[in-house]
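User: I've got a model open here and would like to talk through a few of its features. Could you take me through them one at a time?

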Amino acid sequence: MKKAVLITGGCGFIGANFIHYMRGAHPELEIINLDKLTYSGNPDNLKSLKDDPHYQFVRGDIADEDLILSLLQENNIQALVHFAAESHVDRSISGAKAFVQANVVGTHVLLERAREYWTDTLSKDSSFRFVHISTDEIYGTLGEDGLFSEESPFRPNSPYAATKAGADLLVRAYFETYGLPTLIARPSNNYGPYQFPEKFIPLMITNLMENKPVPIYGKGLNVRDWIFVTDTCRAIDLIMEKGKPGEAYNVGGETEKQNIDVAREVLALFGKEESYLSFVTDRPGHDLRYALDNKKIKGELGWKQTVAFKDGIEQTISWYKDNEWWWKPLKERLFRESKGFWSK
Ligand SMILES: NC(=O)c1ccc[n+]([C@@H]2O[C@H](COP(=O)([O-])OP(=O)(O)OC[C@H]3O[C@@H](n4cnc5c(N)ncnc54)[C@H](O)[C@@H]3O)[C@@H](O)[C@H]2O)c1
């Protein structure tokens, strides 16, 4: 029997990279990608798979109960990998409703329909996997020292992080209450190809390509833990294959950098002066520092990151330089909407 995986949110940044990664790493797998195509979902991210017989795209909402059940049953799904979400912190500050709907209600529908399928169709087959993509932002903020472990308390500070924390807890509860074989990945800040140009790194790269200034929140002192997206994809694959149901795994890049230092590195690669930096009013409730302890995924699953920031950022810049056709229309749309500082 063919093995099939249902991926939600596969037309977004990490989901699309994951599908490309999986087509290379597991060519025998059938991949069904369910995506609503919100503003951040882009079918062009998977254009090269248009004629691939192992890949199928379905446009739809994770909160559509009947659709989810029929996709699971008709494709004999063995694993569901859940990326779909509203993902941009700034948008959650200006309006959290869509975040509650997609991230909490949507995740709940997936869990319920997966439980029904797993119980009634698979007779509780223990090899089924529900892999949820959570985030380091559920833990809130760190001071200058320390790392978040999987046991750290949840203290989300933005509406985005709060909805992701709610989803993470629901996923845990479905394992504890019903025994559904769920696993959770908690990645840190990803960067790489196909990232929507409203996010920090692609906004910076594309602005510099257009000879525009680079917006920096506050004084740029916030620290993020950067990970190249293909390292995250390998981690999720390992969690799906070898992770223990009921467990959560941090996936950190062990690359802590202040935003200002990331900006300086990118400026240097473009050969541009610091006068391109434009300091803008800080985001309310802006977390100072995120950093993850990776001991668990390294020790239990044998994962390690392979792409150093210096190489990853060079690859990312090259990709945006080679793919103006991909980001230019997206940026023009953002400019027209004039929501936030990317319009400046
Ligand atoms: N980007 C990061 O640095 C990062 C870090 C940690 C965790 N995450 C998590 O990883 C996941 C993917 O993040 P991303 O950066 O690729 O996001 P993204 O915004 O680029 O992609 C999200 C995708 O989900 C789809 N989607 C949204 N709502 C949907 C719905 N109701 N039904 C079906 N599809 C829907 C969108 O169309 C889009 O294709 C998210 O769950 C996010 O919280 C991201």
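User: Which residue follows α8, and what is its phi?

Analyst: First, this is a predicted model, where local features need pLDDT of at least 70, side-chain atom pairs count only at pLDDT 80 or more, and totals for chains, interfaces and linings use all residues. Residues are numbered from 1 along each chain as its sequence is written, and side-chain values use heavy atoms, leaving out hydrogens and water. Helices (H or I, at least four residues) and strands (E, at least two) are DSSP runs, numbered from the N terminus. Right after α8 comes G271, with a positive phi near 65°.

User: How far apart are the end C-alpha atoms of α8?

Analyst: Take 1.5 Å times one less than the number of residues as the expected span. For the twelve residues of α8 (residues 259–270) that should give 16 Å, and the model agrees, with its end C-alpha atoms 17 Å apart.

User: Where around the axis of α8 do its buried residues sit?

Analyst: Buried means under 20% relative accessible area, exposed over 50%, partly exposed in between (1.4 Å probe, protein chains only). In α8 the buried ones are N259, I260, V262, A263, V266, L267 and F270. Going by directions from the helix axis to the C-beta atoms, they cover an arc of only 155°, which puts them on the same side of α8.

User: Which non-glycine residue in the loop between α4 and β5 has a positive phi of about 50°?

Analyst: Most residues other than glycine have a negative phi. In the loop between α4 (97–121) and β5, K124 goes positive at about 60° and counts as partly exposed at 46% relative accessibility. The residue at about 50° counts as exposed at 58% relative accessibility, and that's S123.

User: Which element gives the most to the largest nonpolar core?

Analyst: A nonpolar core here is a set of buried Ala, Val, Leu, Ile, Met, Phe, Trp, Tyr and Cys residues joined through side-chain atoms within 4.5 Å. The largest has 35 residues, and F18, V81 and I239 touch the most other members. Elements giving two or more residues include β1 (4–8), α1 (13–25) and β4 (77–82). With seven residues, the top contributor is α7.

User: How many residues are in the other core that lies apart from it?

Analyst: Among its members are V214, F309, W319 and Y320. The count for this separate core is 29 residues.
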